[in-house]
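Welcome! Here are some short exercises to help you find your way around a new structure. Try each one on your own before you read the worked solution.

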Amino acid sequence: MLSLSATADPHDESPQPAWRARVRNGLKRLRETARQRGPRDYYTAVTTRLDALNNDVEALLDSRTTGLGRALFAPIGNGQVEWFTLQVPLTDHVTLAPTAQLRPLVAAWSAAGPAGAVAVSADEAHIVDLRLGMVTEVATIAHPDDLADRRELTGRGHATVTTTYHSSASHHDLFEQREEDRLLRYLHTLGGEIADHAKDHRWECIVIAGEAKYVNAVSGGLPAALAATAITLPHTVAGHTTHKLAAAVQPAVAAARAQRHLRLAERVRDAALSTSEAGSCGLAPTLAALQESRVAHLLLAADHSWTGMRSPD
């Protein structure tokens, strides 16, 4: 199986960008390795297949192809070619192996997996999905019309100009406060609907952004059992485009994801060091836990090269 991944460099505008040269050099190395180490039939199969994949590889490397990360998977024997692009970087990787090499995709998912963002204002709650560098509209929840009713109080009065002014101001403030309280109570009820979106889209974390009072009302209504990490961002984002919203919350999402990964690593470490067999560290005990279906989270060292084999059992 040929596995190829690379990251396009948008700043390299030379006729032969370095990132493309790395991919082509990797393919040349595969040909040379097959010639030196494999039987002649294997070398012939590899070179014939790579020649047949030339158009797919060139399309993947084309500057007109959208996407920062590029990946291609193809069996050496005749079979379907899968290639796609992502809006996040992928580590440079060109290899032939018995199975597809998915580590670059796993690393991308770990760094830019599914998250949600909610921009809440006095008029609506705007919800988007963030994953692998892409931003997708999920829902816009417009607040009921009566919550936006800010009619002035009117009526007959018999007081002096001074007392009428103070009375009108007092009634106006009371009316505004009552309407504001109604809006906050309504925003509190949106927590359940937002939690449903988080569950449906498998968000690891969700950022709620907007005026502090609105953010606190929405976050206060989220269920206690919500699996996603909830982050409050008391910054006004009303009126921002979807992509501006994504850019505004991205630092908070990245920080929350890093904290989540750190907590998970510490949890695994502590469990591995305990006597409860709730965790493992090292190849042999981890493989034993996998064979016994006791693994909830599997952590792999990003800087280590893993090799293995399949057996009938």
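**Exercise 1. Find the buried residues of helix H3 and describe how they are arranged.**

Solution. Please keep in mind that this is a predicted model.
- Step 1: Go to helix H3, residues 54-61, and pick out its buried members, which are Val 57, Leu 60 and Leu 61.
- Step 2: Look down the axis of H3; the buried residues fall within an arc of 95°, so they line one face of the helix.
- Step 3: Recall the geometry of a helix. An α-helix has 3.6 residues a turn, so residues three or four places apart point the same way.
- Step 4: Ask what lies over the buried residues of H3. The cover includes strand E1 (2-7), helix H1 (18-37), strand E2 (69-74) and strand E3 (82-86).

**Exercise 2. Work out which elements supply the largest nonpolar core.**

Solution.
- Step 1: Start with the core itself, which has 23 residues; Leu 187 and Ile 194 have the most contacts inside it.
- Step 2: List the elements that each supply at least two residues of this core: strands E5 (115-120), E6 (124-131), E7 (134-142) and E8 (205-210), together with helices H5 (161-200) and H6 (212-220).
- Step 3: Pick the main contributor. H5 gives the most, with seven residues.
- Step 4: Zoom in on Ile 194. Leaving aside neighbours within four places in sequence, Ile 194 touches Val 118, Ile 127, Trp 203, Ile 206, Val 218 and Leu 222.
- Step 5: Now look elsewhere for a second, separate core; this one has 19 residues, including Ala 34, Leu 61, Ala 74 and Ile 76.

**Exercise 3. Put the strands of the five-stranded open sheet in order and find its edges.**

Solution.
- Step 1: Trace the sheet from one side to the other: the order is E7-E6-E5-E8-E9, and the pairing is mixed.
- Step 2: Find the edges. E7 and strand E9 (229-233) each have a single partner strand, so one side of each is left without a neighbour in the sheet.
- Step 3: Check the turn between neighbouring strands, which is 20° on average when direction is ignored.
- Step 4: Take one pair as an example. E6 and E7 run antiparallel and share eight bridges; within E7, Val 135 is the bridge partner of Leu 130.
- Step 5: Add a helix to the picture: H6 lies across E5, E8 and E9, at about 145° to E8.

**Exercise 4. Decide whether Val 88 is buried or exposed, and find what it touches.**

Solution.
- Step 1: Locate Val 88 in the loop between E3 and strand E4 (93-96).
- Step 2: Compare its relative accessibility of 10% with the cut-off for buried, under 20%. Val 88 therefore counts as buried.
- Step 3: List the contacts of Val 88, leaving aside neighbours within four places in sequence: Leu 68, Gly 69, Ala 108, Ala 112, Leu 132 and Gly 133.
- Step 4: Now compare sequence with space. Val 88 and Ala 8 are 80 residues apart in sequence, and their C-alpha atoms are 9.8 Å apart.

**Exercise 5. Count the disulfides, then say whether Cys 205 and Cys 281 are buried or exposed.**

Solution.
- Step 1: The count of disulfides is zero.
- Step 2: Cys 205 has 3% relative accessibility and counts as buried.
- Step 3: Cys 281, with a relative accessible area of 67%, is exposed.
- Step 4: Finish with the chain as a whole, in which buried residues make up 34% of the 313 residues.

Conventions:
Residues numbered from 1 in each chain as written. Predicted model: local features only at pLDDT ≥ 70, side-chain atom pairs only at ≥ 80, totals over all residues. Heavy atoms only, no water. Core = buried A, V, L, I, M, F, W, Y, C linked by side-chain atoms within 4.5 Å. Buried < 20%, exposed > 50% of the residue type's maximum accessible area, 1.4 Å probe, protein only. Helix = DSSP H or I, 4+ residues; strand = E, 2+ residues; numbered from the N terminus. Contact = heavy atoms within 4.5 Å. Arc of directions from axis to C-beta. Pairing = 2+ DSSP bridges. Axes fitted to C-alpha atoms, helices over the stretch in contact; angles between N-to-C directions. Disulfide = S-S within 2.5 Å.
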